[in-house]
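Q: Please pick one part of this model and take a close look at it. I'd like to hear what is tucked away there, what covers it, and what that leads on to.

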Amino acid sequence: MARFRYSMQSILDIKLKLETQAKQDFSVAKAALDKEEELLWQLKERKRGYEARAVQLLSGTLDLQEIEENKAAILSMDGFIADQRERVALAEKRLEQARMRLTEVMQERKTHENLKEKAFDQFLVEENRREGKEVDELTSYVYGQRRSEENRERASV
């Protein structure tokens with residue numbers, strides 16, 4: 001049996017490498033998003049701590065300077081949280097872009113794999129046809145040889 005060679009194997013190999021790279025880019029984008037979300041969570045926790053401290057400051061003896069500092073800290077945290085939300089949104093956008101790129105590259109690879117499968121199926125059909133033809137030729141040759149032997153035997157008798 002002949003060996004199957006896919007004429008566009010190099011393109012398929014490139015598509016596989018591109019898919020691997022897209023998967024890596026996606027995982028990097030996912031890790032960046034996770035990091036940004038973790039920072040946002042930490043900022044929110046820190047703000048909750050300041051808010052809890054504000055309740056304590058207002059329930060005991062009043063220290064106006066500490067209350068003002070705490071209020072300024074809460075306002076600063078609001079600004080940090082807003083900035084961090086923007087970073088999270090940007091990281092989500094990058095992740096979505098990486099996901100779309102990965103999907104596109106995977107579709108291209110699957111298309112080339114389907115083409116390879118069809119080429120292999122066609123190869124098998126042609127190979128079976130060729131083998132059938134060889135068997136027919138061999139059978140015809142053997143039959144012809146027997147007939148000529150029989151004719152020689154009849155002629156010699």
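A: Let's take helix 1, where L12, K15, E19, A22, A29, L33, E36, L40, L43, K47, A54 and L57 are buried (under 20% relative accessible area, with exposed being over 50% and partly exposed in between; 1.4 Å probe, protein chains only). Before going on: this is a predicted model, where local features need pLDDT of at least 70 and side-chain atom pairs count only at pLDDT 80 or more, while totals for chains, interfaces and linings use all residues. Residues are numbered from 1 along each chain as its sequence is written, and side-chain values use heavy atoms, with hydrogens and water left out.

Helix 1 runs over 9-59 (helices are DSSP runs of H or I, at least four residues, numbered from the N terminus). Its 51 residues should span 75 Å at 1.5 Å a residue, and the end C-alpha atoms are indeed 75 Å apart (the expected span is 1.5 Å times one less than the number of residues).

So what covers those buried residues? Helix 2 is part of the cover, and helix 2 is residues 64-156. Take L43 as one case: leaving out residues up to four places away in sequence, L43 touches M77, F80, I81 and Q84 (contact means heavy atoms within 4.5 Å).

L43 also belongs to the largest nonpolar core, ten residues listed as A29, L33, L40, L43, M77, I81, V88, A91, L95 and A98 (a core is a set of buried Ala, Val, Leu, Ile, Met, Phe, Trp, Tyr and Cys residues joined through side-chain atoms within 4.5 Å). Helix 1 and helix 2 each supply at least two residues of this core, and helix 2 gives the most, with six. In soluble globular proteins, nonpolar side chains tend to be buried together.

Towards the other end of the list of buried residues, L12 and K15 turn up again as contacts of H112, along with Y6, M8 and I11, once neighbours within four places in sequence are set aside. H112 is in helix 2, and it is buried because its relative accessible area is 14%.

Not every spot on helix 2 is like that. G79 lies in helix 2 and counts as partly exposed because its relative accessibility is 29%. From G79 to A98, a core residue, the C-alpha to C-alpha distance is 29 Å, for 19 residues in sequence. Y141, also in helix 2, counts as exposed because its relative accessibility is 54%.
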